[in-house]
Amino acid sequence: MKSTELPQVPGKHKPDTAESHLFADSYCYTGRHRFPTRITLVRYNKEEVREMELSNDTPSFRSLVREDCINWFRIRGLADEETITRLTREFDIHPLDVKAILTPCHAAKIDIFDKRLILVM
């Protein structure tokens with residue numbers, strides 16, 4: 001996930017719409033590979049680049065976002081359902097994007113919103 005100012009794209013769903021609040025109680029990864037969940041925050045602007053490995057029990061991922069930077073959360077391994085659910089709720093990620101993230105075999109995709117970009121590879 002990347003937080004930055006981006007142009008609005010007509011026809012794309014917005015994370016602040018009523019439908020984005022139709023979350024399941026929790027999400028689960030159904031793939032065969034159960035790699036541990038690792039989250040890295042890469043934060044950068046003109047003056048600095050900083051990379052931080054985050055603990056899965058980080059109290060708030062959103063509190064780490066700086067408005068003066070591009071904030072990139074890299075998530076590897078989807079086995080920790082509790083952390084993935086908390087992260088998707090904190091950033092109000094649309095349920096269809098969560099489904100794409102957790103689907104083991106998927107096409108790469110990019111969704112552009114007002115202030116964020118979701119890239120699934």
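Is Arg66 buried, partly exposed or exposed, and at what relative accessibility? In this predicted model, Arg66 counts as partly exposed because its relative accessibility is 28%, a value that falls between the limits of under 20% for buried and over 50% for exposed. The salt bridges of Arg66 are taken up below, after a look at the fold as a whole.

The chain is built from two helices and six strands. Read from the N terminus, these elements follow the order β-β-β-β-α-α-β-β, with both helices placed between strand 4 and strand 5. The chain has 121 residues, of which 40% count as buried. About 7600 Å² of the chain is exposed, and 56% of this area comes from carbon and sulfur atoms. Contacts across the sequence are well represented: of those between residues at least 6 apart, 67% join residues at least 24 apart.

Turning to the pairing of strands, strand 2 and strand 3 run antiparallel and are joined by six bridges. Together they make a hairpin, with four residues lying between the two strands. Within this pairing, Leu41 has Met52 of strand 3 as its bridge partner. In a regular strand, side chains point alternately to one face of the sheet and the other.

The hairpin also carries a salt bridge, formed by Arg38 and Glu53, whose closest N and O atoms are 3.6 Å apart. This pair connects distant parts of the chain, since Arg38 belongs to strand 2 and Glu53 to strand 3, with 15 residues of separation. Both partners are partly exposed: the relative accessible area is 42% for Arg38 and 48% for Glu53.

Arg66 brings together two further acidic side chains. With Glu48, Arg66 meets in a salt bridge of 2.8 Å from N to O. Here too, distant parts of the chain are linked, as Arg66 sits in the loop between strand 3 and strand 4, while Glu48 sits in the loop between strand 2 and strand 3, 18 residues away. Glu48 counts as partly exposed, because its relative accessibility is 29%. The side chain of Arg66 also meets that of Asp68 in a salt bridge, again listed at 2.8 Å from N to O. Asp68, at 46% relative accessibility, is likewise partly exposed. Elsewhere, salt bridges with shared partners gather Arg38, Glu53 and Arg76 into one network. In total, the chain has five salt bridges.

Next comes the interior. The largest nonpolar core contains 18 residues, and Leu54, Phe61, Phe73 and Phe91 are the members with the most contacts inside it. Two or more residues of this core come from each of strand 2, strand 3, helix 1, helix 2 and strand 6. Helix 2 makes the largest contribution, giving three residues. The surroundings of Phe61 show how varied the neighbours of a core residue can be: beyond four places in sequence, Phe61 touches Ile39, Leu54, Ser55, Asn56, Phe73, Thr83, Arg86, Leu87, Glu90 and Phe91. Three of the residues with the most contacts inside the core, Leu54, Phe73 and Phe91, are thus also among the residues that Phe61 touches.

Helix 2 deserves a closer look. Its buried residues are Asp97, Val98, Ala100 and Leu102, and these pack against helix 1, strand 5 and strand 6. Thr103 lies in the loop between helix 2 and strand 5, and counts as partly exposed because its relative accessibility is 26%. Thr103 and Leu78 are 25 residues apart in sequence, with their C-alpha atoms 10.0 Å apart in space.

Finally, nonpolar side chains also appear on the outside of the model. Ile110, Leu119 and Met121 form a surface patch whose accessible area comes to about 330 Å² together. One of these residues, Leu119, lies in strand 6, which spans residues 116-120. Leu119 counts as partly exposed because its relative accessibility is 36%, which also passes the cut-off of over 30% used for patches. Strand 6 therefore has a part in both settings, as it gives two or more residues to the largest nonpolar core and holds Leu119, a member of the surface patch, where a relative accessibility under 20% would be needed for a residue to count as buried.

Note on methods. Residues are numbered from 1 along each chain as its sequence is written. This is a predicted model: local features need pLDDT of at least 70, side-chain atom pairs count only at pLDDT 80 or more; totals for chains, interfaces and linings use all residues. Side-chain values use heavy atoms; hydrogens and water are left out. Patches are made of residues with over 30% relative accessible area and no salt bridge: like charges are joined within 9 Å, nonpolar side chains (Val, Leu, Ile, Met, Phe, Trp, Tyr) within 5 Å. Accessible areas come from the Shrake-Rupley method with a 1.4 Å probe; for residues, only the protein chains shown count as cover. A salt bridge is a side-chain nitrogen of Lys or Arg within 4 Å of a carboxyl oxygen of Asp or Glu. Buried means under 20% relative accessible area, exposed over 50%, partly exposed in between (1.4 Å probe, protein chains only). A nonpolar core is a set of buried Ala, Val, Leu, Ile, Met, Phe, Trp, Tyr and Cys residues joined through side-chain atoms within 4.5 Å. Contact means heavy atoms within 4.5 Å. Two strands pair if DSSP finds at least two bridges between them.
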